[in-house]
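Reader: I have the sequence and the model open. Please walk me through how the pieces pack.

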Amino acid sequence: MTVLDISLNNVVLTGFMGTGKSTIGRLVAEKMDRDFIDMDNLIETREGKMISEIFAEHGEPYFRQLEARLCQELSAKKGLVISTGGGTLVPEKNMRLISRTSLIICLDCDLEVLWQRVAHRQHRPLVQTDSGEDERYNKFAELFESRREAYRRIPLHLDVSYLPIPKVVERVCTCAQRQFGMSNL
Ligand code: S3P
């Protein structure tokens, strides 16, 4: 008989900005009765600043260092549901660290759907630049393309473009269930 130690496995949700990682992660954690970590929120709490302020005051490389350190820290934790930022697992080192203990699910979504969701939100420094709408969209599309390769390295994907949130939650829980051999959630 195989004994599955579910406590060793985190469920990690990643994917581009606007795919719903935080919302879905929180609901999955509730359903699985696990603690939930939203990496962006944790970074904001620890720094005492919003992500946009961190970018503005210290620059993006500093934020990426914070993300990398947090990946290191979380790779030693068990039994969590974690939502990453959109760029967190792009560096291979972070991806390797997190893969050690976690089932990583990448949420995919059509570019146009994502743009509708994020264009007018104010809290994302990579979207809220000083440029006009067209230029902002072009930069967003470029970033989307540049992330494809990194996301492609993740074995599990879920297209959430036209899937209602409860369905996404259900599918993520089913994946976790299969992976960890848990009873129905
Ligand atoms: C980023 C995505 C953001 C946040 C930061 C950088 C990115 O998180 O981590 O603004 O590089 O894609 P969300 O994906 O939750 O918006």
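Author: Keep in mind that this is a predicted model. We begin with helix 4 (residues 60-74) and helix 5 (residues 92-101), whose axes lie 9 Å apart. They pack at an angle of about 20°.

Reader: Is helix 4 roughly parallel or roughly antiparallel to helix 5?

Author: The packing angle is about 20°. Angles under 35 degrees count as roughly parallel. Therefore helix 4 and helix 5 are roughly parallel.

Reader: How many nonpolar, polar and charged residues make the contact of helix 4 with helix 5?

Author: Helix 4 brings A68, C71, Q72 and L74. Helix 5 meets them with N94, L97, I98 and T101. The split is 5 nonpolar, 3 polar and no charged.

Reader: Now the sheet. Which strands are at its edges?

Author: The sheet is open and has 5 strands, paired in parallel. Their order is 2-3-1-4-5. An edge strand pairs on one side only, and that holds for strand 2 (35-38) and strand 5 (156-159).

Reader: Which residue in strand 3 does L13 stand opposite?

Author: Strand 1 (residues 10-15) pairs with strand 3 (residues 80-83) in the parallel sense. The pairing runs over 3 bridges. Opposite L13 stands S83.

Reader: At what angle does helix 8 run to strand 4?

Author: Two helices that lie across strands of the sheet are worth a look. Helix 1 (residues 21-32) lies across strands 1, 2, 3 and 4, at about 175° to strand 3. Helix 8 (residues 165-180) lies across strand 1, strand 4 and strand 5. To strand 4, helix 8 runs at about 150°.

Conventions: Residues are numbered from 1 along each chain as its sequence is written. This is a predicted model: local features need pLDDT of at least 70, side-chain atom pairs count only at pLDDT 80 or more; totals for chains, interfaces and linings use all residues. Side-chain values use heavy atoms; hydrogens and water are left out. Axes are lines fitted to C-alpha atoms, for helices over the stretch in contact, and angles run from 0 to 180 degrees between N-to-C directions. Helices (H or I, at least four residues) and strands (E, at least two) are DSSP runs, numbered from the N terminus. Angles under 35 degrees count as roughly parallel, over 145 as roughly antiparallel, 65 to 115 as roughly perpendicular and the rest as oblique. Contact means heavy atoms within 4.5 Å. Ala, Val, Leu, Ile, Met, Phe, Trp, Tyr, Cys and Pro count as nonpolar, Asp, Glu, Lys and Arg as charged, and the others, Gly among them, as polar. Two strands pair if DSSP finds at least two bridges between them.
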